[in-house]
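Good morning, colleagues. I shall speak briefly about salt bridges and the exposure of the residues that form them.

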Amino acid sequence: MLTSLISSRLWENVDAEWIECLRRESVQNLLLIPSGAVQDQWPTSLKEFILKIRSMVFCQEQADINMALPGLQTISLNTVLAQGMNVKKKHEVEILSAVTNTVANSIRADAILDVGAGQGYLAQVLAFQYQHPVIAIDACSHHGRVTDARAERIKKYYTSQMIKSESGMRSLNVPKTITCRVLSIDTLKTLVETSLIGDDVEQSMLKVENQEDQGKLHWLSDANKKPSIVLAGLHACGDLSVTMLKTFVECKDVKAVVSLGCCYNLLSEEMIKDGESQFGFPMSHAVRSIGLSLGKSARDLACQSAERWRSLDMHAGIHNFELHAFRAAFQMVLSKYYPEIVMSTPSIGRKGKALRRRHQRRSAESQLHLKGSTCHMRHNFPSVVPSESETDGILGSMSEIQTLPGEIPSNERAGCEVIKSDDKLSHFENFCQSGLSHLGIKHSQDINLQGIWKEAEPFADLVGPYWSLRAALGPLLETLIILDRLLFLQEQGSALEACLLPIFDPKISPRNVAIIAKKIDKDLRSSCC
């Protein structure tokens, strides 16, 4: 059951001296806490706490992947392959495709399975640019159709280029698509068996809409061929990354895996059965042996990114803290008027992309009026409330601070005057109405939102300090999760080698640590990382 930060006064669990100190601190300095930045005037115990946490975090500074993976060549994507990608996706696909290509070549892979392929960006680059046979697996049939349509356009482009160059026609590898929800190792093993299907097999025969249909795939595989397969996953969500690693270990045909995890909040974490974990965490015997568990709150926190906190400007930081205050007060509404909903641990979603777009426009407009304005702050902690249109549908879970662009000079503080209490109430009411609508609850006039906000508002300025301290634990929790996965692979013995490698720029893609593992072949021995 979710607990409201405000009604439960969770900040009282923190050293009062710490909270009082941070309550007076600037927003910029609060946003730097998850990165391990401390200020000289802070209590010694607070500084030691933050620095100790940071010292145990796995370094996510982008590695020199050319040195880590000899022979790697990163090729810039042409405009056709990059079509539809934003800056983040292009950065990720450009690098991960090069890494996967190097790994695939080192084991002489027959095919690559892109697990959780989405719209097939990675699969298409691996197929068209690096000429690997690729199968794109995703649970969403719409994604499969988009992948096929996009691949067909790319194929036409490359065909026309070959005709124009008069260099002769060559066969093009076009990604095959499989629609299947991978819920188990057995499912993924079965999909591996399809990886060397001939080109004459109709794509429609590969559509697997549910678990019951997976048996239909067996007859499609080439019984006379023992494939050498690479599993690749760009931010495969939750347990899917775990399933990839377990399939790599258990399936003899899978010779390598390149996996970047994501959405740790979606990891399953339950009881241990017969000494083996049937769930997403923990994976390793080492972590299971000490009986360590995370729980929902810790898994949520593992999604926090110090880089994204640090990249927030003043305006965006305040905006997010206030949204969290609204969310905490909204939890008080649910607890008082809809306790049965609270018991089910409701999720009211994050409309993060839409919020970022709206906030970017608003931030650009507001900067025209920043200079010369004065900001009056309460305890040096100002508040900026989103407009009514912005509150519609932005009821984020309290698990992630969004990146909201728009730089505001640090010496201009919030760049706006404090919004009146009545206006805050109005925004809070809009927030609650949107949240109730998301939960399928019709707003009742009997709900005293004014009373709830009157109770919550005096503590709203504690959200920033409290959440900054909590967020400092996020990178450490992520470190625990990825080290557990590495330990799981290392526990398999000398038959394989594995490493963790931060391959992306964390400012662009915070979930940047790839797990790269290969089964050791005496004839193809090479360093994994």
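Lysine 296 is partly exposed, at 41% relative accessibility, where partly exposed lies between buried (under 20% relative accessible area) and exposed (over 50%), with a 1.4 Å probe and protein chains only. Its partner, aspartate 300, is buried at 15%. The two side chains form a salt bridge at 2.9 Å, N to O; the term requires a side-chain nitrogen of Lys or Arg within 4 Å of a carboxyl oxygen of Asp or Glu. Both residues belong to helix H11 (residues 296–301), 4 residues apart, which is about one helical turn. Helices here are DSSP runs of H or I with at least four residues, and strands are runs of E with at least two, numbered from the N terminus.

I should state that this is a predicted model, in which local features need pLDDT of at least 70 and side-chain atom pairs pLDDT 80 or more, while totals for chains, interfaces and linings use all residues. Residues are numbered from 1 along each chain as its sequence is written, and side-chain values use heavy atoms, without hydrogens and water.

Lysine 90 and glutamate 94 form a salt bridge at 3.1 Å, N to O, and both lie in helix H5 (residues 87–106), 4 residues apart. Lysine 90 is partly exposed at 29%, whereas glutamate 94 is buried at 14%.

In the salt bridge of glutamate 20 with arginine 24, the closest N and O atoms are 3.6 Å apart. Glutamate 20 is partly exposed at 36%, and arginine 24 is partly exposed at 47%.

How many salt bridges does the whole structure hold? The search finds 10.
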